[in-house]
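The exercises below ask you to read salt bridges, a helix face, cysteines and unusual backbone angles from a model. Each task is followed by a solution that goes step by step.

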Amino acid sequence: MRNPETLAHQAGRRIRGQPLCSRPRWRRGAAGRRKFQSKRLGRVSSRSGRMKLHCEVEVISRHLPALGLRNRGKGVRAVLSLCQQTPGSLPRPRFRGEPGGQHPACLLISTLKDKRGTRYELKENIEQFFTKFVDEGKATVRLKEPPVDICLSKANSSSLKGFLSAVRLAHRGCDIETPLLTLTPVKTSEFEKFKTKMVITSKKDYPLSKNFPYSLEHLQTSYCGLVRVDMRMLCLKNLRKLDLSHNHIKKLPATIGDLVHLQELNLNDNHLESFSVALCQSTLQQSLRSLDLSKNKIKALPVQFCQLQELTDLKLDDNELIRFPFKMGQLKNLRFLSAARNKLPFLPSEFKNLSLEYLDLFGNTFEQPKVLPDIMLQAPLTLLESSARTVLYNRIPYDPGIIPFHLCQDLGTAKTCVCGRFCLNSFIQGTATMNLHSVAHTVVLVDNMGGTEAPIISYFCSLACYVNSSDMLN
């Protein structure tokens with residue numbers, strides 16, 4: 001027989017002051033009507049977890065602009081609590097049909113420097129809620145008196161939604177059945193939940209039974225024997241630095257791209273064989289600054305990798321790379337590139353467009369430039385080749401909704417001639433030697449002989465372009 005208390009809880013039939021029966025006295029439909037009547041009387045239940053919120057808070061006075069002053073524009077760690085107006089008072093039992101709310105709730109904002117907190121009235125005192133970015137843990141509550149905006153950020157999104165729901169009820173004067181907190185100073189231990197950095201360097205320290213603090217901005221889990229990325233990490237929306245080095249990870253989930261603030265990603269010394277296209281086309285395009293993929297088993301990076309245009313530091317040492325993405329030159333912000341001890345035979349033609357501060361290509365299997373070029377010219381040009389060149393040269397927009405997907409892929413892999421035009425399948429491919437000091441201020445020697453030169457591929461869209469550039473090839 002099922003526990004009657006469990007049955008009553010599931011049906012929402014817990015009534016203050018009334019004992020639970022061994023047999024339910026009404027059906028589920030009646031319980032629904034009872035709940036509706038309860039709402040009309042202003043009684044809405046709320047879980048106790050909604051009574052407190054940990055986040056960053058900035059209180060902005062709306063009088064400052066009129067006085068020619070500006071707010072400092074930076075939030076502080078705080079604990080927000082929904083409390084009783086009368087300290088120490090508890091909500092008395094109420095009966096069916098009785099209006100609630102004898103002790104209106106207030107909002108208490110406590111900080112580490114002010115543990116007693118600042119109290120704000122809530123009942124009929126909220127002018128507006130701003131919740132457009134609530135899924136990112138941000139919201140603003142605009143009060144009438146005093147005329148301030150309470151800006152919340154870096155909150156757990158689900159906790160924030162629940163807390164705002166309770167604040168709305170308090171503003172309307174509805175009774176929140178869960179007992180509100182008392183106006184007591186917040187303990188120092190409460191602020192320890194605002195942890196922004198966590199470093200774990202052994203299996204025994206890895207948390208298995210509890211979640212990571214939602215406020216983390218820097219997480220390192222090295223030497224933990226991870227074979228996959230822990231999905232709990234992907235819920236840390238404030239994460240800026242993620243270090244998963246020295247593990248056994250073989251594949252990265254595409255949802256890493258949902259970490260919209262991620263700036264540094266360290267995957268050094270894992271078992272990765274690729275870096276997915278989905279990650280290259282995620283929000284990492286706007287946020288990722290540093291990427292360490294060294295000591296893995298990567299043989300090639302996708303063409304779309306060059307869409308990570310905010311990258312400044314890229315480490316690819318000790319992989320099995322046989323080529324760079326041929327549009328490498330599109331990484332305009334790249335300043336540090338290290339790809340030592342790989343299997344690179346040559347550099348792509350757009351490599352010369354880079355502007356680096358540091359370059360390390362030591363220990364690669366660079367080939368000697370070929371004396372004769374590879375000629376793959378088409379005469380006359382095919383319709384595909386001619387139309388592709390026209391679309392790319394005139395920068396005509398295209399997408400899979402306009403042309404077939406495989407044609408979009410072909411256009412995305414088009415080669416750039418030294419004259420600046422594009423070619424698809426009709427071109428001349430030649431190799432030349434390039435001094436790496438032309439693209440980097442500091443260059444690590446490419447071999448034990450003290451060389452700083454490497455072979456680079458060049459493409460020519462026509463025989464005329466090849467002839468005009470023959471001096472460069474020599």
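**Exercise 1. Find where R341 and D318 lie in the chain, and decide how exposed each one is.**

Begin with the contact itself: the side chains of R341 and D318 meet in a salt bridge with an N to O distance of 2.8 Å, where a salt bridge is a side-chain nitrogen of Lys or Arg within 4 Å of a carboxyl oxygen of Asp or Glu. Next, place the partners: R341 is in the loop between β16 (336-338) and β17 (356-360), while D318 is in the loop between β15 and β16, so that distant parts of the chain, 23 residues apart, are linked. Helices (H or I, at least four residues) and strands (E, at least two) are DSSP runs, numbered from the N terminus. Finally, R341 has 41% relative accessibility and counts as partly exposed, and D318 is partly exposed as well, with a relative accessible area of 27%. Here buried means under 20% relative accessible area, exposed means over 50%, and partly exposed lies in between (1.4 Å probe, protein chains only).

Before going on, note that this is a predicted model, in which local features need pLDDT of at least 70 and side-chain atom pairs count only at pLDDT 80 or more, whereas totals for chains, interfaces and linings use all residues. Residues are numbered from 1 along each chain as its sequence is written, and side-chain values use heavy atoms, with hydrogens and water left out.

**Exercise 2. Which residues do salt bridges with shared partners join into one network, and how many salt bridges are counted?**

The network consists of E56, R77, K154 and E217, joined by salt bridges that share partners. The count for the structure comes to 14 salt bridges. Take one pair of the network in detail: E56 and R77 meet through their side chains at 3.6 Å, N to O. Because E56 lies in strand β2 (residues 52-61) and R77 in strand β3 (residues 76-84), this pair ties together parts that are 21 residues apart in sequence. Both ends fall in the buried class, E56 at 14% relative accessibility and R77 at 18%.

For a further pair, turn to K241 and E264, whose side chains form a salt bridge at 3.7 Å, N to O. K241 belongs to strand β12 (residues 241-243) and E264 to strand β13 (residues 264-266), so the pair ties together parts that are 23 residues apart in sequence. K241 is partly exposed at 30%, and E264 is partly exposed at 33%.

**Exercise 3. Work out on which side of α6 the buried residues E385, A388, R389 and L392 lie, and what they pack against.**

First, list the residues: E385, A388, R389 and L392 are buried in α6. They cover an arc of only 100 degrees around the axis, which puts them on the same side of α6; the arc is that of the directions from the helix axis to the C-beta atoms. As background, an α-helix has 3.6 residues a turn, so residues three or four places apart point the same way. The buried residues of α6 pack against α7 and β20 (422-423), with contact meaning heavy atoms within 4.5 Å.

**Exercise 4. How many disulfides does the structure hold?**

The structure holds zero disulfides, a disulfide being a pair of cysteine sulfur atoms within 2.5 Å. Consider C306: the closest cysteine sulfur to its own is in C280, 8.5 Å away, which is too far for a bond. C306 is buried, at 0% relative accessibility, and C224 is also buried, with a relative accessible area of 7%.

**Exercise 5. Locate the cis peptide bonds at P146 and P380, then the positive phi values of K295 and R395.**

Start with the prolines. E145 and P146 are joined by a cis peptide bond with omega of about -10 degrees, and P146 lies in the loop between β7 (139-143) and β8 (148-153). The bond from A379 to P380 is also cis, with omega near -5 degrees, and P380 is in the loop between β18 (374-376) and α6 (383-393).

Then take the phi angles. K295, a residue other than glycine, has a positive phi near 60 degrees; K295 is in the loop between β14 (290-292) and β15 (313-315) and is partly exposed at 44% relative accessibility. R395 is not a glycine either, yet its phi is positive at about 55 degrees. R395 follows α6, in the loop between α6 and α7 (405-412), and counts as exposed at 75% relative accessibility.
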